[in-house]
Structures are given as structure tokens and as C-alpha cells.
Protein chains: 2
Amino acid sequence: MLRHIIASATVSRQQIASDTGLSLATVSNLVGELLELGLLVEVGYQDSGGGRPRGLVAINPNGGVLVGIDVAETYVHVELFDPALTVLASVEEELHPEENRPDQVVAHVVSSVESALATAGVGHDRVLGAGISVPGQVDREGGVSVFAPNWDWHDVPLRSLLARSLDMPLYLDNPLRACVVAELWFGAGRGRDDVVVVNLGTGVGAGLAFGGALYRGATNSAGEWGHTTLVVDGRLCHCGSRGCVETYVGAPGIMQNLRDLAPNSPFLHTDDQTATIEALARGVADGDPVAAKVVTETARYLGVAVADLINLVNPEVVVLSSWVAGLLGDALLAEVRAVVGRHALRRPLAATEITLCRIAGNPVSLGAATFALERFLSAIGTNAGGLVRQT
Amino acid sequence: MLRHIIASATVSRQQIASDTGLSLATVSNLVGELLELGLLVEVGYQDSGGGRPRGLVAINPNGGVLVGIDVAETYVHVELFDPALTVLASVEEELHPEENRPDQVVAHVVSSVESALATAGVGHDRVLGAGISVPGQVDREGGVSVFAPNWDWHDVPLRSLLARSLDMPLYLDNPLRACVVAELWFGAGRGRDDVVVVNLGTGVGAGLAFGGALYRGATNSAGEWGHTTLVVDGRLCHCGSRGCVETYVGAPGIMQNLRDLAPNSPFLHTDDQTATIEALARGVADGDPVAAKVVTETARYLGVAVADLINLVNPEVVVLSSWVAGLLGDALLAEVRAVVGRHALRRPLAATEITLCRIAGNPVSLGAATFALERFLSAIGTNAGGLVRQT
Ligand SMILES: [Zn+2]
Ligand SMILES: [Zn+2]
């Protein structure tokens, strides 16, 4: 229902009931609760053609705010949203390769959040909740980063560390979940049941939604596609295994693909993934043959691994997301589609669209803020918690 | 509810209501419908301690019967069941390697069904429905085998071909789905949400259940794990791709593993998978070092591919099923667990049990008959269709 109001801008209770299939009584109760919470406001009346004029409601732009925090291996990106999930402020701080201790990362998160709140002129007291996405496996209930392979973090109590400085409800999850929720609410997953979001960053993984709902698996660690084996006895991976998908198509894997092809390439910025991937993207745009070859080689691995997802999961859509897809996605897409066409079975292949993430802004921050909105509504113990897709 | 009655042998409406959480009125309506259909019978009364005595119901052993048909690459296995899914008769006919034309397979199915019915002394008129499992991808609604890679079948209208001789409702699906349903109702999947059944036969695949329900994907072709890539540019596969899991751990793949290790091994029965796998199983039991080596080599591939499933899906249980698991499963299990332990991530690994199928008899026939029961109940248009787990 909330997604419907967000999409409609202003809407009457009667219209919501008829569009969602909920009874008018249920809708009126829920709208009442949301008005009381300050998430919605009354914005006027609509002539009902003879009957009583109908009250119109909309998301309250001056209600609470939500924070979405994307902690990646190379940056911290914070966005501030109104309850309609419109961006109010956006801050990004770079993480240098040596800045991977929990206290360093926490300091960047805190300063980014403070600076986003200051930019928008919003105090801590107006924050309904903050969603934090960190790479790797997380224990949501405990607020703990269980394992972040690229930083070798084990059981870091991230929520407690952040709570010392940030006085707001904090909800921890990972980028795979955040990206899927963003696509389901606002992207290529809208109205679709079976969705795979392939996250291409430093680490890689696959966010999964089945039957229109986020799939977490038995212990919230489903989607570790980055650590499925593409090459038996292949490249050594941070996780301890060999030949993982991530070692060929994650940012450091792409750097290795470049090194294998041209060890002295000017595109290569040792110890700087971001600069290297950016240089490759510029190289592709300039028609450089080495950059094109790196894309082809990367697409050869990525296409096989995406075909594996299509054969196993039979999804309606595969979305390529995250910062590597943002930089190299246009170059990769056609080649990935061609490789998938040679490796996927005909029936699931025909049912799958492969596309780039089309969400403006940062989908991980957006998804993290959406989690915060959902958890806020559940946490206050109103029926409104049932309004949002339970994830 | 039906599963509950099957498990309870005899039970009162009041007991069903209290155990299932359905209202007594709902249970009474549904029981009434099932009594009318002859699926249930009244079997006596239970003292209710002062009140009206409570009627007891049970599955009617003289009600209709269900047929479960497992068409594999090397045999046709037919089982006849009462509505409690107890086996009444069982028939198996071998399929020789050259017998892979649709008319040949259909002839074996028809003669097996006729002989099972004759053995049990049951006429066509008492058959509520027959579930048929065929390898590969199927179009359930059309009753068509869309693609069976090991036979190179394309768009074979199997249901129409069978309907010429078998006068009963016919429901087509594949062994991945049948095995999962059998495990959910009667095996290691009972009471579990996220279940993977690894089917090891001539072809291999993974049946998937999420949230306690069978997962089909967008076009009923989910679970084609056998055609995910284990070795980039590896062995050529029937599907046209290279390095598929199936080419290393399916029965012909295991024969190739044997050929690679000992080209002149007496275990090798050229063109006879069944005889070869049986000989290997006897060799393992006799402590033969070549047989043991083939198991180790096969487990090396199978373990990596099972670890991929655990990392991606994060299931509660992985069940090894089908005829190759029946013959070599005991030998494979410990080695597969060891390889999985080296390749799966710690968190999902800790949450997963890896086990052999413990269903007595043929789980594919059982699952196919369960489909027939579900579809029969839906097809007659009663509320009883809602009784069974929708698959
Ligand atoms: Zn790995
Ligand atoms: Zn294949």
C-alpha cells in the first residue's frame, strides 16, 4: 500500500482500496495510523461526483527521514531520504586500501551521516532509522558483520560500534539484499516474481527474490554466487577456496585479467581498483584494443556464471548492478548476452531478460533505507508493518 | 491436512482442527468432501469424555488408486499407490540404450502400467490419476517433453501419445520436481523450508524447495544444476555447452572418470551405464583401489558442485537421490562432505545437513503419484484442492 501511495503522489482511501484489493475499512485504519505517525499528510479533497468529498493523502515530505548507508570496500556512500524515498542529501567518502579496520570504517560512516544530516538541516531526532549495508555475511538480529572476506573481518559488532556515535535505530544487512529490495520496489524487479540481481563490485554476489519476495536462505547467507566455482583449481580466493567467480569478475579479478593480457598497461593502477576500472571504462570509450580485450575476457567468465544462474534459478530478469556494472556495464552487456546465449539452456534463456540497473542514484543506499522503513513500521508494532512487502 | 491424516492413520475432525490450526467448520466441510469422493472412510468413534462421541476418519484403502511413473534413461519404473500413498504394486522394465524413440518409451510405460494394474487387480476406472516423470524440461500444461538432452528429444507430445492407450488423467513433470515433493511429504524435507534434492542419474539436476514449497522458476525449468559450468572449456555436454556438472558426475560422466583412470578396467561395460555403476559399487565394497579412486575423483567434482549449491541457496538440507546415489551414495557421502567442507563458506555450511535419500522404494514414482493426487484434488474443483501443499 505504501509503495502504491509513493507511486501515486496523492491518492484517496477509496482509490487505494480499489487498487490494492484491501477493504476500505482496512485502508482507513492503516492510513489513520500513518497520519498519526506523520508519514502521511492530508493534502486536500477530491469531488466524488455527488457523494461526500474524498480526502486525499500523500507522503509527508516533512515527516521523518531515513538514512541508507552503503559501505563498500572502496567507499562509504550515505543518502538521506524522505518517507517517499526521495533523496534529500547524498555524501560519499573514499576508503583507501589500508583503511579497512572496523574503527576506521565506522569513523567514515559516522562523519558521512553527520555531514548528510547537516546538508539537509535535519537533526538526529527526525531520523526514523538507518539501514546499513556491509559486504559479506551479516547477522541481522545481532547487528554483527559475521564475515567480510575482502577485509578479513570476523564477527565485528558493527551496530554496537556505530551506536556509540549515531543515536538512531540501526539495521544491518548486506548489499545483495539491499539491491534486490531496491529493484523490487523501484527497478527492473517491479511486478516480477523471480529476480536475480548480480552485484559487481570488489566482491560479487547474487541477490535473489522468489515469488516477489527477498530470499534469504536458512541463515541469511543465500546468494554467495561470487564463491561458487567457475574454474576447478583456478585462482586463489579470499574465502580460502579456488576458482571462485569473484576472482574472475570482481574488480580485483578484472585487474588480474588486465595484468594477464598486458602486465605493463597504463590502465593498471596497482592497489587502486577504482582508478583501474575507471581507466578501463575510458579506454573502452576511446576504442583501445587492450581495454576491449579485458572486457571480452571478463564477459567470457561473467557470461558463463550468469548462464549458471539462469539454468539453476530460471528467473524472469537478471540485473547487473553495483559500481563495476555502473562503469563497465554498457561495454559488458552485449558480450555477456552473447556468452550466455551459448551456455544457457534454450527454455530458461528465452524467459530471461538481462539488463543493467536503471535506478538513479545508489541502489544499495536506497535498498538499505527501504529496509529501515520496513523495520521502523514493524518495530512500532502497528498494523502498518503489514503494509510493506515483508523482507 | 491430507498429509496429517496420512500420518495419523485414524483421526477425528476435532484433532485435525487443533493440529492444523484450521477451524472445525472448515475441517468438517473438507472431510465431508473427501468422504464423498471416497478418499476417506468413517472408521468408528472416539469417546470425547462426556460430550458427543467423535467420528474417526482414515484414508480409504479401497478408494481410488494413483499411478507414479518414473521414466529414466535406462528404465521405466511404475508404482501403484492407495490414496495414503502406500505401494500396492511395483513394476520395472529396462530400457536398452537403443530404445530411446518416443514410441518405444511409450510402449514400455503402457505395458508397465498395465502389468502393475493387473498385479493389484485394479481396473482403469479406479485410477484417480497418473503422474509421469520424464528427464529434462517439460511443459506441464501441454503435457509435452520440451527437451530431453540425453535422448535429444524436442517437443515430444508425450501425454497425447500415452493417452491413446491409457484411459486415465495424466500429469507430466520431471524427476527434479517429483523428488523434491517426495522429500517434502515423506523424506528429509519434512518440516523444513529450504531444501535441495540433488538427483544423480544419467542426467543430474537439483530439485529446489523454498519456504516449504516446490520452486519451479519462471518457466518450470529451475534446477538445471547439471548444466551449470564446473570446468570452463571442459568436457563436451549433450546440451551443447562445455564443462557442465553432469559431464563429471552423471552416470556417463562417472564412466568417463573410470575410463580416464583405467581405460581397460573390467568394471567398464561399454554402452551399459547401469552395469558399470553396479560393478563400481561392488568394487568399492570389495576394497578395489581403482573403484575407490573413481569414487574419490567423482566426489571431487560432486563436492565442489554441491558446495556451489550451499553457497548460492543456503539450504537446510541437501539430499543425494536417484539411482546413482542409491548404488554409490554410501561410498560418495563421506568424501563429498570433506570436499564441501573445503569449498563452502562457513556460515551456510554450518546450517546444512548433507544426507542420502532415505525414502523406501522409488522417490520419483512416489513424487509423481503425489502430483497426481494434488492435481486430482484440484481438478475436481473442490475446496479439497487447497488441502495439499500447492506445487
Ligand atoms: Zn571464494
Ligand atoms: Zn550441459
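**Figure 1. Elements of chain A around the largest cavity of the predicted model.** Four elements of chain A each supply at least two residues of the lining. Two are named here by strand: β4 (65-71) and β9 (144-148). The others are helix α6 (175-186) and strand β13 (204-210). The space inside amounts to about 330 Å³. The lining comprises 29 residues. Closest to the cavity centre are Glu73(A), Pro135(A), Gly136(A), Pro175(A) and Gly203(A).

**Figure 2. The largest cavity and the domains of chain A.** Domain 2 covers 65-178 + 363-383, and domain 3 covers 190-356. Both domains give residues to the lining, so the largest cavity lies between them. By class, 14 lining residues are nonpolar and 11 are polar. Four charged residues complete the lining. A search of the whole structure finds four cavities of 30 Å³ or more.

**Figure 3. The second largest cavity, lined from chains A and B.** Its volume is about 120 Å³. The lining holds 13 residues. Closest to the centre are Thr228(A), Asp308(A) and Leu312(A) from chain A, with Thr228(B) and Asp308(B) from chain B. Two elements give two or more residues each: α10 (289-313) of chain A and α10 (289-313) of chain B. Helix α10(A) gives the most, with four residues. Seven lining residues are nonpolar, four are polar and two are charged.

**Figure 4. The zinc ion (ligand 2) and its protein donors in chain B.** One histidine and three cysteines bear the donor atoms. His227(B) offers ND1. Cys237(B), Cys239(B) and Cys244(B) each offer SG. The donors lie 2.1 to 2.4 Å from the zinc ion. Around the zinc ion, the four donor atoms subtend angles of 103 to 123°. All angles must lie between 85 and 135 degrees for four donors to count as tetrahedral, so this arrangement is tetrahedral. The ideal tetrahedral angle at a metal is 109.5 degrees.

**Figure 5. The zinc donors along chain B.** The donors of the zinc ion (ligand 2) follow the spacing H-x9-C-x1-C-x4-C. His227(B) and Cys239(B) both sit in the loop between β14 (213-214) and α7 (246-249) of chain B. This pair therefore ties together parts that are 12 residues apart in sequence. Is His227(B) buried or exposed? His227(B) has 3% relative accessibility, so it counts as buried. The cut-off for buried is under 20%.

Notes. Residues are numbered from 1 along each chain as its sequence is written. Chains are lettered from A and ligands numbered from 1 in the order in which they are written. This is a predicted model: local features need pLDDT of at least 70, side-chain atom pairs count only at pLDDT 80 or more; totals for chains, interfaces and linings use all residues. Side-chain values use heavy atoms; hydrogens and water are left out. Donors are N, O and S atoms within 2.8 Å of the metal (3.2 Å for Na, K and Ca); water is not among the atoms, so sites may look incomplete. Four donors count as tetrahedral if all angles lie between 85 and 135 degrees; four count as square planar and six as octahedral if opposite donors are over 155 degrees apart and all others between 65 and 115; anything else is irregular. Buried means under 20% relative accessible area, exposed over 50%, partly exposed in between (1.4 Å probe, protein chains only). On a 1 Å grid over the protein atoms alone, a cavity is a set of points where a 1.4 Å probe fits but cannot get out, and a pocket is an open set with protein on both sides within 12 Å along at least five of seven lines; lining residues have an atom within 4 Å of a point. Grid points are joined across faces, edges and corners, and a volume is the space filled by probe spheres set on the points. Ala, Val, Leu, Ile, Met, Phe, Trp, Tyr, Cys and Pro count as nonpolar, Asp, Glu, Lys and Arg as charged, and the others, Gly among them, as polar. Domain bounds come from an automatic or database domain assignment.
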